[in-house]
Amino acid sequence: MEPGRRGSLALLTDLYQFTMAYGYWRAGRQREPAEFELFFRRCPCRGGFALSAGLGECLAFLRGFRLREPEIEYLQSVLPSTTEKAFFDYLRTMDASEVTVSSAPEGSVVFATVPLLQVKGPLLVVQLLETTLLCLVNYASLVATNAARFRMLAGPDKKLLELGLRRAQGPDGGLSASKYSYIGGFDWTSNVLAGKLYGVPVRGTVAHSYIMSFTSLMETLKPLDGDEPVDFLPLAELWLQRVCQMLQVPQDRVNRGELAAFVSYAIAFPHNFQGLVDTYSIMGSGIPNFCAVALALNQLGYRAIGIRVDSGDLGKQAREIRQVLRTCSANFQVPWFAAIPIAVSNDISERSLEELMQEGNEIDMIGIGTNVVTCPLQPSLGCVYKLVKVNGRPKLKLTEDEEKMTIPGSKVVYRLYDATGLAFMDLMALEEEPPAGAGQEVAVRLLGRSEEARRVTPMAVEILHRTYFKDGQVCQALPSLLEVKSHAQASLSLLSPAHKRLQDPEPYQVAVTEKLYFLLSDLRRSSR
């Protein structure tokens, strides 16, 4: 969110929220106690889970929620002229001081139908919060989930770089993608502003345009432990001759401009030299030039830090490059050379990453842009915000589409764990029910078409939600972004591999207690 728009966040909503607010106010219902739940109906990308994200931004929004005079004046201009002036006077006094928000900790694994947020407060106010909360949670949770899927495909050891800013849905989308892909398991972003605003570690290399812009160069570089500058290009050329002889590559076919570009970058960043090697010919030019410059740097006491490939058969090329690096390491007696990190990028998707990982590779870092920030497998998480209780009365949305039916009442959500320590069920119970306990059998009804009755005995029980906002203040210490990321990985580790499969996962069980089930059944009958 751009700084200039933060002051108007209360207007980041749909117009009908204000027309409904006026209706509540005219009917004298604005202060009736109400409760809404924010949840999604299906796990994204045909997977079995999602990661909750966006809570921190929701709390920042709630802390500052109020309508200032410029916003009031704008509302007066767009609402019907018959809207009473006293309504706008009421809006001037409105804030979130009577709102209570409970949530699973940010980064938690969450499932369809189970609330991500529970929002209680005066009816008019909690209604007005709907669209903004959905906006702050939907994309954040989707990107975090998408990033987690890439992380699971890549495994724990590969480094992941998010570089999707140029393909993102505008500046706000780009910043959100950088922040929430980090929560989902990425290591770095190329987005400098995201680094500044959120503390996400930033990384970058060079573009092909940098390589293409050079034709020649003559500069010097001081040895790491010396004072006299060395003419670096001639030194690199000497090493190029040796490398080409070793690789049996004709030296006259190696691109001189590419060598000049590598030399220029090495002089600018002798401690951080990395080469983009596919501008011309990878094995015929890029790799010989990179090795020559890296070996020249080594002679002066420096170490290159990486190679990047941005086209072609990435797995095959990485294996061939690794073999060259090992050969150079052995021939020139430079042990660290064999382990120079290899980075790849090139419109990497879930499918192409899965293929890369199946065939085995020598890749150390993977740059992913479009397919992490745009979430092409599912463009929206589809969160909804539904009324479950008002004025002490449970509320049920009953439609012909059974998937859109809501679960009424104020609820506690328990996460149940088996003897192996893995989560096997999320259980929703009414607030007034006795708490679920470890080792205690409980009768449940599985949600779904069958609504099957079961009895389960959890070995451990966790209350999923915590109260994060009350009396106008955040009432929990909020974790850092790194801590949220760590929590996300810990939460995923408590989920069975069968539930984490990216294709055809085993459905995770979500259930309600018998008492909540009977309330649901009674409301169904009375609503027909």
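Two residues are taken to be in contact when heavy atoms lie within 4.5 Å. In this predicted model, V293 offers a good place to see that definition at work. Leaving aside residues up to four places away in sequence, V293 touches F232, A236, L259, F262, V263, A266 and F273. V293 also belongs to the largest nonpolar core, a set of 158 residues. Together with F232, F290 and F337, V293 is among the residues with the most contacts inside that core. Helix α7, which covers residues 130-154, gives the most to this core, with 13 residues. Apart from it lies another core, made up of 12 residues, including F424, A429, V442 and A511. As general background, nonpolar side chains tend to be buried together in soluble globular proteins.

A wider view helps to place these cores. The chain has 528 residues, of which 54% count as buried. Its secondary structure comprises 19 helices and 23 strands. Along the principal axes, the C-alpha trace spans about 85 × 55 × 40 Å. About 23500 Å² of the chain is exposed, with carbon and sulfur atoms supplying 51% of that area. Among contacts between residues at least 6 apart in sequence, 73% join residues at least 24 apart.

The strands come next. Seven of them make up an open sheet with antiparallel pairing, and their order is β15-β14-β1-β5-β3-β21-β22. At the edges stand β15 (393-394) and β22 (473-474); each has a single partner strand, so one side of each is left without a neighbour in the sheet. Within the sheet, β1 (residues 33-39) pairs with β5 (residues 117-122) over six bridges in the antiparallel sense. One residue pair to look for here is E37 with its bridge partner Q118 in β5. In general terms, the strands of a sheet pair through backbone hydrogen bonds, either parallel or antiparallel.

Parallel pairing appears around strand β13, which covers residues 365-368. Strand β6 (residues 159-162) runs parallel to β13 and is joined to it by four bridges; L160 has I366 of β13 as its bridge partner. Strand β12 (residues 342-344) is likewise parallel to β13, with two bridges joining them, and A343 stands opposite M365. The side chains of β13 alternate in direction: M365 and G367 point one way, I366 and I368 point the other way, and all are buried.Two residues in helices show contrasting surroundings. S329 sits in helix α14 (residues 314-331). With a relative accessibility of 11%, S329 counts as buried, because the cut-off for burial is under 20%. Not counting residues up to four places away in sequence, S329 touches V334, P335, F337 and A338. Of these contacts, F337 has already been named among the residues with the most contacts inside the largest nonpolar core.

Y74, in helix α4 (residues 69-78), has a relative accessible area of 48% and is therefore partly exposed, the range for that class being between 20% and 50%. On the surface, Y74 joins L15 and V78 in a nonpolar patch, and the three together have about 270 Å² of accessible area.

Methods: Residues are numbered from 1 along each chain as its sequence is written. This is a predicted model: local features need pLDDT of at least 70, side-chain atom pairs count only at pLDDT 80 or more; totals for chains, interfaces and linings use all residues. Side-chain values use heavy atoms; hydrogens and water are left out. Patches are made of residues with over 30% relative accessible area and no salt bridge: like charges are joined within 9 Å, nonpolar side chains (Val, Leu, Ile, Met, Phe, Trp, Tyr) within 5 Å. Accessible areas come from the Shrake-Rupley method with a 1.4 Å probe; for residues, only the protein chains shown count as cover. A salt bridge is a side-chain nitrogen of Lys or Arg within 4 Å of a carboxyl oxygen of Asp or Glu. Buried means under 20% relative accessible area, exposed over 50%, partly exposed in between (1.4 Å probe, protein chains only). A nonpolar core is a set of buried Ala, Val, Leu, Ile, Met, Phe, Trp, Tyr and Cys residues joined through side-chain atoms within 4.5 Å. Two strands pair if DSSP finds at least two bridges between them.
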